[in-house]
Structure formats: structure tokens, C-alpha cells
Amino acid sequence: SDFDIEGFVNLKQSSSITSNSTTLTFSNGDIIVEEASFIEVFENGILNVENGLLDFSGTSNFTIDGTSELHVMDGSVIFRESSNLFTDIGTILDIAGTFSLEDNVCTTFKEVEFTVTGEVYLRNQTCLHIIDSPIVINDG
């Protein structure tokens with residue numbers, strides 16, 4: 001089934017969204033995830049962000065398994081302030097916009113398909129470990 005949300009979403013104080021075999025679309029607004037909150041996408045789930053910002057901060061987490069996909073169209077994805085991005089073998093990350101790791105964020109892409117049409121930023125003590133992953137960065 002599909003689930004569409006238009007506008008602003010703020011997850012805080014251990015709130016969560018889980019997409020299991022579902023297409024979840026956020027459009028025309030920011031998705032702010034903070035204070036130990038999380039988003040999980042698994043079992044062929046798809047998370048679409050259209051014309052907005054997906055912003056993880058504090059101790060928040062984004063977990064996406066190897067059967068699932070993140071698509072950002074005309075937007076940005078930011079992981080900052082020790083937030084976490086967990087991927088798995090086979091994960092697809094397709095970003096049309098900006099992908100940024102900032103302020104003590106470290107993650108590993110192992111056999112992850114990572115495509116960015118836009119810009120990639122690694123700022124302030126961040127790291128991105130890439131292992132056997134096809135990386136494509138266009139126009140950035």
C-alpha cells in the first residue's frame with residue numbers, strides 16, 4: 001500500500017515511522033527527525049522525498065535494508081550531530097539534490113547503490129566508508 005504525506009513532519013522524543021513493504025512519500029515540506037526518533041524502511045519499502053528536506057539530528061536513526069530504496073527528488077538529505085544512517089547490502093540511495101554528513105556522523109556503504117545528482121558534503125569530523133559500492137555523482 002502507499003502512504004502520502006504533504007507538508008511538515010517533525011519526529012521527536014523517540015517517535016518513529018516504519019515502512020514495511022510500503023511506498024511512503026513525503027512532499028512539499030521538511031521531515032525533521034530528532035531526539036532518539038527514527039525512520040525504518042525494509043522489506044521492499046520505498047521512501048520518496050519530493051521537494052523537501054529530510055533532516056536527521058541528535059541521536060536519531062535512519063535504517064534502510066538491502067531490499068529497500070530512498071529516492072529524493074529536488075531535495076536534501078542531512079545527517080548531523082551524531083545521527084545514524086544504517087544501510088545494508090543492496091540498498092539503493094538515489095538523491096537528486098544534496099546529500100550531507102555533518103558534525104560527527106560516520107557511516108559505511110557496503111554494496112550500496114549510491115547516486116547523487118547534485119552535491120555531496122562531508123563536514124566536521126564525518127566519515128563515509130565505501131566498500132564495493134557503485135557511486136555516481138552527477139552535476140555536483
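Mentor: A residue is called buried under 20% relative accessible area, exposed over 50%, and partly exposed in between, with a 1.4 Å probe and protein chains only. The structure is a predicted model, in which local features need pLDDT of at least 70, side-chain atom pairs count only at pLDDT 80 or more, and totals for chains, interfaces and linings use all residues. Residues are numbered from 1 along each chain as its sequence is written, and side-chain values use heavy atoms, without hydrogens and water.

Trainee: Is Glu81 buried, exposed or partly exposed?

Mentor: The relative accessibility of Glu81 is 38%. This class lies between the limits of under 20% and over 50%. Glu81 therefore counts as partly exposed.

Trainee: Which residue forms a salt bridge with Glu81?

Mentor: A salt bridge is a side-chain nitrogen of Lys or Arg within 4 Å of a carboxyl oxygen of Asp or Glu. For Glu81, the closest N and O atoms of the pair are 3.0 Å apart. The partner of Glu81 is Arg80.

Trainee: How many salt bridges does the model have by this rule?

Mentor: Side chains of opposite charge can pair when their charged atoms come close. Under the rule of 4 Å between nitrogen and oxygen, the count of salt bridges comes to four.

Trainee: How far apart are the closest N and O atoms of Asp55 and Arg80?

Mentor: Asp55 and Arg80 are joined by a salt bridge, with their closest N and O atoms 2.9 Å apart. This pair links distant parts of the chain, since Asp55 is in strand 8 (residues 53–56) and Arg80 is in strand 10, 25 residues apart. Strands here are DSSP runs (E, at least two residues), numbered from the N terminus. The separation of the closest N and O atoms in this pair is thus 2.9 Å.

Trainee: Which residues are linked in a network of salt bridges?

Mentor: Arg80 pairs with Asp55, and Arg80 also pairs with Glu81. Within this group, Asp55 is buried because its relative accessible area is 7%, whereas Arg80, at 21%, counts as partly exposed. The linked residues are Asp55, Arg80 and Glu81.

Trainee: With which residue does Arg123 meet in a salt bridge?

Mentor: The two side chains approach to 3.1 Å, N to O, in the bridge between Arg123 and Glu102. Arg123 lies in strand 14 (residues 113–123) and Glu102 in strand 12 (residues 92–102), so the bridge ties together parts that are 21 residues apart in sequence. Arg123 is partly exposed at 36% relative accessibility, while its partner, with a relative accessible area of 15%, is the buried residue Glu102.

Trainee: What value is phi of Gln13 near?

Mentor: Gln13 lies in the loop between strand 2 and strand 3. At 64% relative accessibility, Gln13 counts as exposed. Its phi is positive in a residue other than glycine, and is near 55°.

Trainee: Which residue has a positive phi of about 60°?

Mentor: The residue is not a glycine. It sits in the loop between strand 12 and strand 13 (106–110), and its relative accessible area of 25% makes it partly exposed. The residue is Asp103.

Trainee: How far apart are the C-alpha atoms of Lys12 and Phe38?

Mentor: Lys12 is found in the loop between strand 2 (9–11) and strand 3 (16–20), and is partly exposed with a relative accessible area of 37%. Lys12 and Phe38 are 26 residues apart along the chain. Their C-alpha atoms are separated by 8.8 Å.

Trainee: How far apart in space are Asp30 and Asn10, C-alpha to C-alpha?

Mentor: Asp30 has its place in the loop between strand 4 (23–27) and strand 5 (31–33). With a relative accessible area of 30%, Asp30 is partly exposed. In sequence Asp30 and Asn10 are 20 residues apart, and in space their C-alpha atoms are separated by 8.0 Å.

Trainee: Is Ser68 buried or exposed?

Mentor: Ser68 belongs to the loop between strand 9 (61–64) and strand 10 (69–80). Because its relative accessibility is 1%, Ser68 counts as buried.

Trainee: Is Glu6 buried or exposed?

Mentor: Glu6 has its place in strand 1. Because its relative accessibility is 62%, Glu6 counts as exposed.

Conventions:
Helix = DSSP H or I, 4+ residues; strand = E, 2+ residues; numbered from the N terminus.
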